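Q: Please take a close look at the largest pocket of this model. What lines it, and what kinds of residue are they?

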Amino acid sequence: MIASFGMYDMPHASAAYDRLWQSIRDELGTGPEKLNRTSDLWAQWHSPDLVVSQTCGLPYRARLYSEVTLVGTPDYGLRDCPPGYYYSYLIRRRGDGRSLRDLARFGTIAFNDPLSQSGWAAPVAHLAQHGLRPVETMETGAHIASARAVQQGHADYTAIDVITYQMWNHADPEVFHGLEAFLRTEPTPALPLITARRRDPKPIARAVTNAIGGMSDADRDILHLRGLLQIDEDTYRALPIPPLP
């Protein structure tokens, strides 16, 4: 059996996620002893042995929705944002006064993955609202690598989801040294929890809900989790699939 929380399972958060999983496992009465942090996430998401994992909204609606079962959507208690939703910050070097139009037309956007809702789909949609599109792009493989690319002048702006931004600021504010969040994208449903296609999601959702409710204040501050909501598949699938870079 497989369980993971790979999307936000950062080094400083791993112990808190271990404790969360043990609580979920105790509630379920089954599951692997430890979270899987070694195998490829796509292999985990497609496995019939998947108990629970967290994916991103774009992979879910683009490829996974017919192959997995939706368990629920974590709520991170974000201000000025609907429950169970999140958004991305557009980030540039501090002191770079170029407009969004100039950044899009003459700058380079660093993005983590073309199947990332927060790193690619959200900024593309935001630019499109202003009649713009990213012209020069740089794929980095990770949000933090995108931030470094902007810091070092290899790219001019990037989009990083608010949870990643908050979690890294909590652990190490130097990660975003010299950068500023100058705009935010429209909220979209947060990263969903999924299970294998043939597995009943209801006991898992109950176990996750109870485990989140029983978290210590310290772990809640680290993981930013406030609860689990039910946002249906159609809401995720209604969002457009962005063009590839």
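A: The pocket comes first below, then the nonpolar cores. This is a predicted model, in which local features need pLDDT of at least 70 and side-chain atom pairs count only at pLDDT 80 or more, while totals for chains, interfaces and linings use all residues. Residues are numbered from 1 along each chain as its sequence is written, and side-chain values use heavy atoms, with hydrogens and water left out.

The largest pocket holds about 710 Å³ of space. Here a pocket is an open set of points on a 1 Å grid over the protein atoms alone, where a 1.4 Å probe fits, with protein on both sides within 12 Å along at least five of seven lines; lining residues have an atom within 4 Å of a point. The volume is the space filled by probe spheres set on the points, which are joined across faces, edges and corners.

There are 27 lining residues, and G6, M7, N112, G141 and A142 are the closest to the centre. By type, the lining has 15 nonpolar, seven polar and five charged residues; Asp, Glu, Lys and Arg count as charged, Ala, Val, Leu, Ile, Met, Phe, Trp, Tyr, Cys and Pro as nonpolar, and the others, Gly among them, as polar. At least two lining residues come from each of α2 (41-46), α3 (57-64), α6 and α7, with helices taken as DSSP runs of H or I, at least four residues, numbered from the N terminus. The most come from α2, which gives three.

Now the cores. In the largest nonpolar core, of 51 residues, F5, Y8, L20, F176 and L223 touch the most other members. Such a core is a set of buried Ala, Val, Leu, Ile, Met, Phe, Trp, Tyr and Cys residues joined through side-chain atoms within 4.5 Å, buried being under 20% relative accessible area (1.4 Å probe, protein chains only).

Methods:
Buried means under 20% relative accessible area, exposed over 50%, partly exposed in between (1.4 Å probe, protein chains only).
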